[in-house]
Amino acid sequence: MAVSTPAKRATITSIARELGFGTSTVSFCLSGKAAQYGIKAETAQLICAHAAKVGYVVNSAARQLRDQNTAPLGILFDPQMSAGAMPMQALSHALTELNKRNIEVRVVAAPTWEGTVQLQQLGCKEAIVFSAFTETVGSQQDLANSLEQYHSAAENIKLFCINYSFHHQEQPLFPNIIRLGIHRGMVNQALSDYLLKQNNGGMIMISSWSKIDPDKQHHIIMDQQINADNSPYELGRVWAQHYLALRKKHRIIAIMSGDDRISAGLLAELLANQVKVPQDVRVISFDNLDFGGCLPVPLTSWGVPLQTHVQMVLDHILNNQPLPERVLSIPEFSWRCSSGFTPLEQQEFMQIITNLCKNQR
């Protein structure tokens, strides 16, 4: 008597394997989010048609188990590191979506490790971290301090870090962290190389937070330490005075401040001293804050795609969508007058960044 063997149930993983796509790509297409994540319509059609053919059925049991979890979800941001409209818009979006699903949320405003301790005390098992976050360490003592902070604060809570900072020599220390971020040093290095090539050399004033290997022939490293006695705006004015003094001896082609608030003071002081931007010097910033477009010279700035990262985490938490442990994203650029990049140069540079990010994934 012949015995029939039940066919294996089609899953996102099996569909991805059969079609040669990533599980995230298949998941986004089957949940109707292909366009949101930049997936081609024809790819989505192919995946959905194949899913129908093999009899794919949504696994609702996993979602139900998640819904039964009574532990509140934590949201952590550092007010000093997460300033501006863009992080607040992403935070507001997360809260709105979680409230729609009646997910209990605990929001903490504090530095990363102090805030993580508070979230654990509030009973959170998972948390979305908006603060700038990195695991890069320097000395053995730095490593020891990082590990001590981790074990005292985060070993029992899963962290979704949507503002992670990747580096060339990446050594993830903490196993319970999902990392979604950008490679700030790689992008700054690419910007520097591109500017030097376009201008046949010269020098670039660059932030001490740039995370690149400085070249004394081409880089002037500027202090970016912000404290109670030195506001970001005033620090930008100080940078401008340094530029005015240094340009008498050096051909300075660009200033890369690394902070939109510093850039606001920088531009104000440069213009007050009849410096033309970008004709005399280009200015490129970081943070992508909304006020950059309203400055006397509209500011070119770039930053982390927080909205995209938040949506990926929400899809994972609310709908059990697969989420890689490491998501290295292409930064979002707001191209404006201060950089002096033509549309063709913008396109060319973004292609360079896209290729670099693909090679790092």
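# Tour of a predicted chain

Select Ile15, Glu18 and Leu19 in helix H1, then add Leu46, Ile47, His50, Ala51 and Val54 in helix H3; these two groups of residues meet each other. Sorted by character, the residues of this H1 to H3 contact comprise 6 nonpolar, 1 polar and 1 charged. The model on screen is a predicted one.

**The pair H1 and H3**

Widen the selection to residues 12-19 for H1 and residues 41-54 for H3. Two packed helices are described by the angle between their axes and the distance between the axes. Here the axes come within 11 Å and cross at roughly 120°. Angles of 65 to 115 degrees count as roughly perpendicular and those over 145 as roughly antiparallel, and H1 and H3 are therefore oblique to each other. What is the handedness of the crossing of H1 and H3? The crossing is right-handed.

**Just before H1**

Next, select Ala10, which sits in the segment before H1. Is Ala10 buried or exposed? Its relative accessibility is 8%, so Ala10 counts as buried, the cut-off for buried being under 20%. Show the residues around Ala10: leaving aside those up to four places away in sequence, Ala10 touches Val54, Gly55 and Tyr56. Val54 also belongs to the H3 side of the contact with H1. For a distance to check in the viewer, take the C-alpha atoms of Ala10 and Ala52: they are 9.8 Å apart in space, with 42 residues of separation in sequence.

**Two asparagines with positive phi**

Most residues other than glycine have a negative phi, and most peptide bonds are trans. The next stops depart from one or the other of these habits.

Go to Asn102, in the loop that runs between helix H5 (85-100) and strand E2 (105-109). Asn102 is not a glycine, yet its phi is positive, at about 60°. With 70% relative accessibility, Asn102 counts as exposed, since exposed means over 50%.

Then select Asn320, found in the loop between helix H11 (306-319) and strand E11 (326-328). Its phi is near 60°, again a positive value in a residue other than glycine. How accessible is Asn320? At 32% relative accessibility, Asn320 counts as partly exposed.

**A cis peptide bond**

Select Val277 and Pro278 and display the backbone between them. The peptide bond from Val277 to Pro278 is cis, and its omega is near 10°. Pro278 is in the loop between helix H10 (260-272) and strand E9 (282-286).

**Inside H10**

Step back along the chain to Ile262, which lies in helix H10. Ile262 has a relative accessible area of 0% and is therefore buried. Now pick Phe286 as the second end of a distance: the C-alpha atoms of Ile262 and Phe286 are 9.7 Å apart, while the two residues are 24 apart in sequence.

**The whole chain**

Finish by showing everything. The chain holds 12 helices and 12 strands. Of its 361 residues, 48% are buried. With a surface displayed, the accessible area of the chain comes to about 18100 Å², and 51% of that belongs to carbon and sulfur atoms. As for contacts within the chain, among those between residues at least 6 apart in sequence, 70% join residues at least 24 apart.

Conventions: Residues are numbered from 1 along each chain as its sequence is written. This is a predicted model: local features need pLDDT of at least 70, side-chain atom pairs count only at pLDDT 80 or more; totals for chains, interfaces and linings use all residues. Side-chain values use heavy atoms; hydrogens and water are left out. Axes are lines fitted to C-alpha atoms, for helices over the stretch in contact, and angles run from 0 to 180 degrees between N-to-C directions. Helices (H or I, at least four residues) and strands (E, at least two) are DSSP runs, numbered from the N terminus. Angles under 35 degrees count as roughly parallel, over 145 as roughly antiparallel, 65 to 115 as roughly perpendicular and the rest as oblique. A crossing is left-handed if the near helix is turned anticlockwise from the far one by less than a right angle, and right-handed if clockwise. Contact means heavy atoms within 4.5 Å. Ala, Val, Leu, Ile, Met, Phe, Trp, Tyr, Cys and Pro count as nonpolar, Asp, Glu, Lys and Arg as charged, and the others, Gly among them, as polar. Buried means under 20% relative accessible area, exposed over 50%, partly exposed in between (1.4 Å probe, protein chains only). Accessible areas come from the Shrake-Rupley method with a 1.4 Å probe; for residues, only the protein chains shown count as cover.
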